Amino acid sequence: MNENVKKKREPLNDTQLLMTITICIFIVMYLLAMALLKGGFLHAQQIFDLLNDNASLIIVSCGLTVVMIGGGIDISVGAVTSLVVMSCILYLNKGGNVLLALMLALGIGLAFGLVHGFLISYLEIQPFIVTLAGMFFARGMTTILSVNPQKVDHEGFETLRNTKIEIPWLGYVAKNGNLVPARMELGVVIAFFCIIVVFVILMFHRLGRNFYAMGGNQQSALMLGINVKKTRFLSYIISGLLSGISGFVLMMHTGAGNATNAAGMEMNAIASSIIGGTLLTGGVGNVAGTFFGTMTLTTIKKIVVSSGLKDPWWQSITTGGMLCFFILLQSIVLGKRQKKKKA
Amino acid sequence: MKENLKKMPKGGLGQLTIPVIAVALLVIFNLIRDPGFFSISITHNNYGNAVLAGNLISIINGASELAILAIGMTLVTAATKGQDISVGAAAAIAGSVFVKVLKSGADITGGTVILAFICACIVAMIFGAFNGTLVAVFNIQPMIATLILYTCGRSIAYWINGGATPTVTSPIINAIGSFAPGIPIPMPVIIVIVVAILFKLLFHFTSLEILTQSVGINQSAARLNGINTTFIKLLSFILLGCCVSVAGIIGVSRLGLINHETLLLDVEMDAILAVAIGGNSLGGGKFKISGSIIGAYVIQMLTITLYAMKVSSTDVKAYKAIVIVLLVVIGSPVVKERFEKLMKKRKALLKGGEKA
């Protein structure tokens with residue numbers, strides 16, 4: 001009887017193991033920050049601030065995770081986000097409709113996804129080069145649209161932008177005795193919606209399982225009768241669409257567009273996915289892990305800022321150090337597992 | 001005889017087909033647009049030296065850093081099946097060390113420049129070895145391993161400078177960055193030639209080329225044949241480190257100052273692009289350094305052409321992207337196959353017509 005129970009409990013697979021490590025480290029790190037730094041970290045608002053600031057990064061990382069699970073890479077995501085922000089703002093300032101602006105955002109993302117997917121899966125060009133060209137194109141188009149920073153001037157959009165979800169029971173009492181409720185932006189809701197949709201697709205839909213199969217071993221996926229080309233095509237379309245949504249969310253957060261918007265976002269997104277346990281070789285990864293990866297990355301930055309390391313270089317150096325730590329940890333853990341399997 | 005002629009176009013250029021076609025297309029395009037585009041004139045610079053000037057010179061001169069980085073990047077790509085995305089950041093570090101050592105002495109002489117160069121080179125090689133250790137010993141994919149240095153490299157350079165952008169003014173530094181007295185050819189071009197010859201000699205007198213290729217093609221087979229794969233991978237990163245320091249020093253010398261934010265910005269993407277345009281597979285294995293060098297000049301020629309067409313420097317990227325996509329589509333295996341099939345059909349049709 002006892003043995004039966006033991007047998008039923010399957011060991012964690014690579015994806016789950018890496019994700020568990022990330023979640024544990026995130027929780028430990030946050031608790032340490034609460035205990036040592038106190039200040040803002042004791043309020044629930046800190047978490048909501050992190051979410052508000054990084055909703056678009058979370059969405060982009062989700063798309064990138066899908067591509068990376070399929071064994072590809074998409075480094076155009078940040079540039080596409082920036083292009084979407086700029087074009088939507090210019091459209092809204094000409095007296096456009098908010099709904100049509102959303103459509104425009106989705107359309108731009110979809111267009112990039114279509115072109116990337118076609119070139120990569122049907123013409124068999126290396127994904128790095130194709131999405132690099134996409135990145136150059138999107139960045140160039142952003143400056144062609146406008147070199148000067150733009151600000152949204154649209155009533156309907158402003159009301160949408162200022163709509164915040166207030167959660168009174170997570171708020172805190174300010175010094176003057178008023179209750180300040182925890183505030184969450186609409187973008188965070190969109191981000192959670194995206195995570196759930198992608199999670200369901202990856203875990204319970206045939207398409208999602210095909211992504212894992214294709215990333216794990218393309219040849220065997222082909223032998224199993226999976227349409228590898230179509231699957232890869234779809235992975236880039238998902239990534240493109242999510243970059244479009246991310247652009248809209250970023251616009252809702254900042255309300256302004258700039259040629260250098262979302263600079264370096266692609267590398268942050270890749271870092272988030274890696275910290276969350278996705279492997280660039282494909283076949284291993286999880287969106288829930290990516291979410292915690294993003295949170296870990298941004299929490300580190302927040303901790304560095306609030307722990308009094310004022311010099312501007314410390315933020316990147318500590319981020320790099322943490323990245324190094326996570327990457328080494330993953331490599332060592334996975335290496336040990338492989339050795340065990342062989343033995 | 002006939003068979004030989006038929007084989008010629010296939011075996012003649014091989015891997016170099018795409019870069020050579022790209023150069024030819026750009027040259028023809030420029031000549032049609034402006035017949036005097038490539039004319040070279042001799043002018044006198046501020047120091048009274050007779051120097052060559054013209055678009056062709058500025059293309060060859062401007063691509064120097066990229067060409068040097070492309071050499072190292074080709075090796076890393078071939079050996080590790082991945083790319084180093086930290087070269088720009090590492091070059092900023094090397095440049096900072098170079099300036100720091102120069103500034104520590106009282107005045108800048110030939111000796112201090114050499115000392116500073118050696119220091120910068122060693123630091124860049126150490127960072128290369130760091131990347132290489134992550135890749136070779138811990139089996140981490142190169143892009144992820146170098147993401148670490150990419151994230152924090154420019155900040156480290158900033159930290160070395162102590163939060164400033166120091167300038168160096170010296171005739172020697174000026175000579176490295178532009179023209180040495182008495183030589184009409186830009187100094188960076190000469191440095192590229194020297195580096196290329198050094199690598200040629202390295203490949204000639206050691207079996208590094210074939211070892212790198214075998215590691216890239218099949219790592220396990222290479223190891224079973226007694227090749228130290230870890231060492232070869234590590235070595236490729238260290239050699240890239242050398243290239244990075246040289247490129248960083250050229251970049252610093254050009255401007256006479258070190259700016260950690262803008263020195264060789266986004267050069268990593270261009271260097272990888274140069275490797276790909278050169279017909280090298282980004283998936284490792286066989287490589288041709290000459291292809292990558294031509295690739296670097298193609299990118300610079302494209303940029304200068306766009307500038308000459310009055311495209312603003314911020315918009316250049318969009319047009320560059322279109323040309324890159326066109327190039328890779330022409331080079332894509334699927335398109336090639338289709339094209340060959342089409343040609344065969346046409347030939348068959350023509351033959352059929354002759355018979356009838």
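This is a short talk on how two chains are built and how they touch.

Hi everyone. Please keep in mind that what we are looking at is a predicted model.

Let me begin with chain A taken alone. Chain A contains 14 helices and four strands. Its C-alpha trace spans about 60 × 50 × 40 Å along the principal axes. Is that what you would expect for a compact globule? What radius of gyration does chain A have, next to the value for a compact globule of 343 residues? The globule would be near 20 Å, and chain A has 21 Å, so the two agree. Of the 343 residues in chain A, 47% are buried. And if we take the contacts in chain A with a separation of 6 or more, 76% of them come from residues 24 or more positions apart.

Now let's put the chains together. How many residues does each chain bring to the contact? Chain B gives 39 residues and chain A gives 37 residues. On the chain B side, four helices each supply at least two residues: H7, H13 (267-277), H15 (316-331) and H16 (333-355). Which of them gives the most? That is H7(B), with 12 residues. Sorted by class, the side of chain B that touches chain A has 29 nonpolar, seven polar and three charged residues.

Let's zoom in on one place where a helix of chain A meets H7(B). Helix H12 of chain A, residues 265-275, packs against H7 of chain B, residues 142-161, at an angle of about 130°, and their axes are 11 Å apart. H12(A) and H7(B) are therefore oblique to each other. The crossing of H12(A) past H7(B) is left-handed. From H12(A), the contact uses A:Met267, A:Ile270, A:Ala271 and A:Ile274, while H7(B) brings B:Ile144, B:Leu147, B:Tyr150 and B:Thr151. By class, that contact of H12(A) with H7(B) has seven nonpolar residues, one polar and no charged. When you look at numbering like this, a general point helps. An α-helix has 3.6 residues a turn, so residues three or four places apart point the same way.

Here is a second pair of helices, this time within chain B. H14(B), residues 289-308, and H15(B) pack at an angle of about 130°, with axes 10 Å apart. That makes H14(B) oblique to H15(B). H14(B) passes H15(B) in a right-handed crossing. The residues in contact are B:Leu302, B:Thr303 and B:Leu306 from H14(B), together with B:Val316, B:Tyr319, B:Lys320 and B:Val323 from H15(B). Their classes are five nonpolar, one polar and one charged.

Next comes H13(B). How many of its 11 residues are buried? The count is 11 of 11, so to speak a fully filled row. Among the buried residues are B:Glu268 and B:Asp270, along with B:Val267 and B:Leu273. What covers them? The cover includes H6 (127-145) of chain A, and from chain B it includes H2 (17-33), H4 (64-80), H5 (87-104), H14 and H15. Just after H13(B), B:Gly279 takes a positive phi of about 85°.

I'll finish with one residue you can find for yourselves. B:Ile122 sits in helix H6 of chain B, residues 110-136. Is B:Ile122 buried or partly exposed? B:Ile122 has 15 other C-beta atoms within 10 Å, so it is partly exposed. From B:Ile122 to B:Ser245 there are 123 residues in sequence, yet their C-alpha atoms are 8.5 Å apart in space. Thanks for listening!

Conventions. Residues numbered from 1 in each chain as written. Chains lettered and ligands numbered in written order. Predicted model: local features only at pLDDT ≥ 70, side-chain atom pairs only at ≥ 80, totals over all residues. Axes fitted to C-alpha atoms, helices over the stretch in contact; angles between N-to-C directions. Parallel < 35°, antiparallel > 145°, perpendicular 65-115°, else oblique. Left-handed = near helix turned anticlockwise from the far one by under 90°. Contact = placed C-beta atoms within 7 Å. Nonpolar A, V, L, I, M, F, W, Y, C, P; charged D, E, K, R; others polar. Rg over C-alpha atoms; globule rule 2.2 N^0.38 Å. Buried ≥ 20, exposed ≤ 12 C-beta atoms within 10 Å, placed from the backbone.
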